[in-house]
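Thanks for making time this morning. I'll walk you through one structure, so please have it open as I talk.

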Amino acid sequence: MNEQASAPSPQILLVEDDPQVVKFVRAALEAAGYRVLHAATGRQAMSLVAQYMPELVLLDLGLPDLDGLQLLAQIRPFYKAPVLVLSARGQERSKVDALDAGADDYLTKPFGVPELLARLRVALRHAARAASRSDDLRFECGPLQIDFQARRVTLAGEEVKLTAIEFKLLGVLAREVDKVVTQRQLLTEVWGPKSAEQSHYLRVYMTHIRRKLEPGAPWPRLFVTEAGVGYRLRTPEP
Ligand code: CA
């Protein structure tokens, strides 16, 4: 984990009231070279966010004083860096609500260190890219290439024809590559706010996209279904 060796290591705020989880996550983050701040309550988290503006917040949804969702709503107007939600199994609804309220991704407890660090790197990379405002006119993910200006999609160099809707849907997933995008976000961006509940549109169009862009071996799986949440375009392992 030397990729941040020259720059000051990012500071992560862990908002979590379970001492076991705090101990485990803190050790994992510090071993990976991150600086760690910790808040055990929502109120404490509020003041630490405002005071330190950490590079990323890991937010447990079940806090003793206020709901993680409430905290998210309170900090989002001034805090633009990534927020990763830590949720327990069975909190499907609040997990989706958190993503729709501006969280960047989630981890379901119990999670392992590699998964935690991978999600952190993705979120921090996204934030850095957004900050540098590079015009992403070309996109590459494994064998998949998108030229947004020419509206051209190729798979291992072969052009694949997509309809306008398919292209738009792929574009949203590509913009958020490696991050989960909720059904509501996809439906709103591609079909408009009136279609936010029409999740069957997504099932149909994701099937089309997969048929065209994931024809099977030797191509890796690119599109991951996050059951009950949404979809993720995933960079294949090198
Ligand atoms: Ca908790």
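Arg232 and Glu226 form a salt bridge, with 2.7 Å between the closest N and O atoms. Both Arg232 and Glu226 are buried. Keep in mind that this is a predicted model.

How many salt bridges does the structure hold? The count is 22. I'll pick out a few.

Take Asp104 and Arg76. Their closest N and O atoms sit 3.0 Å apart, in a salt bridge. Asp104 is in the loop between H4 and E5, and Arg76 is in the loop between H3 and strand E4 (83-87), so this pair ties together parts 28 residues apart in sequence. Buried or exposed? Asp104 is buried, at 16% relative accessible area. Arg76 is buried too, at 14%. The cut-off for buried is under 20%, so each of these values falls on the buried side.

Arg76 and Asp104 also belong to a network of salt bridges. Which other residues are linked in that network? They are Arg175, Glu176, Lys179 and Glu189.

Next, Glu214. Where does Glu214 lie? Find the loop between helix H8 (199-213) and strand E11 (223-226). Glu214 has a relative accessible area of 14%, so Glu214 counts as buried. The side chain of Glu214 meets the side chain of Arg221 in a salt bridge, 2.9 Å from N to O. That side-chain pair, Glu214 and Arg221, is also a polar contact at 2.9 Å. There is a backbone partner as well. A polar atom of the Glu214 side chain lies 2.9 Å from the backbone nitrogen of Phe223. Set aside the neighbours within four places in sequence, and Glu214 is in contact with Ile209, Pro220, Arg221, Leu222 and Phe223.

Now the domains. The domain assignment gives domain 1 as 11-132 and domain 2 as 138-233. How far apart are their centres? Taken over C-alpha atoms, 27 Å separate the centres of domain 1 and domain 2.

What does the interface look like in numbers? On the domain 1 side, 13 residues are in contact with 14 residues of domain 2. The two domains bury about 1100 Å² between them. Of that area, 48% is on carbon and sulfur atoms.

Now the charged and polar pairs. Between domain 1 and domain 2 there are 4 salt bridges. Arg184 and Asp100 make a salt bridge, with the closest N and O atoms 3.7 Å apart. The count of residue pairs in polar contact between the two domains is 6, both residues at pLDDT 80 or more. Which elements supply the domain 1 side? Helix H4 (92-100), strand E5 (105-108) and helix H5 (113-132) each give at least two residues to the side that touches domain 2.

On to the metal. Which residues coordinate the calcium ion? Asp17 and Asp60 do so through OD, and Gly62 through O. The distances run from 2.2 to 2.3 Å. Along the chain, the donors follow the spacing D-x42-D-x1-G. Asp17 and Gly62 link distant parts of the chain, 45 residues apart. Asp17 is in the loop between strand E1 (11-15) and helix H1 (19-31). Gly62 is in the loop between strand E3 (56-60) and helix H3 (68-75). How accessible are these two? Asp17 has 34% relative accessibility, so Asp17 counts as partly exposed. Gly62 is at 35%, and is partly exposed as well.

Last stop, Arg35. Look in strand E2, residues 35-39. Arg35 is partly exposed, with a relative accessible area of 38%. A polar atom of the Arg35 side chain lies 2.8 Å from the backbone oxygen of Ser9. Which residues does Arg35 contact, leaving aside its neighbours within four places in sequence? The list is Ser9, Pro10, Gln11, Ile12 and Glu55. For a sense of distance, take Arg35 and Glu158. They are 123 residues apart in sequence. In space, they are 45 Å apart, C-alpha to C-alpha.

That's my tour. Happy to take questions.

Notes. Residues are numbered from 1 along each chain as its sequence is written. This is a predicted model: local features need pLDDT of at least 70, side-chain atom pairs count only at pLDDT 80 or more; totals for chains, interfaces and linings use all residues. Side-chain values use heavy atoms; hydrogens and water are left out. Donors are N, O and S atoms within 2.8 Å of the metal (3.2 Å for Na, K and Ca); water is not among the atoms, so sites may look incomplete. Helices (H or I, at least four residues) and strands (E, at least two) are DSSP runs, numbered from the N terminus. Buried means under 20% relative accessible area, exposed over 50%, partly exposed in between (1.4 Å probe, protein chains only). Domain bounds come from an automatic or database domain assignment. Contact means heavy atoms within 4.5 Å. Buried area is the accessible area (1.4 Å probe) that two parts lose on being put together, summed over both. A polar contact is a pair of N or O atoms within 3.5 Å; within protein, one must be able to donate a hydrogen and the other to accept it, and residues adjacent in sequence count only if both atoms are side-chain atoms.
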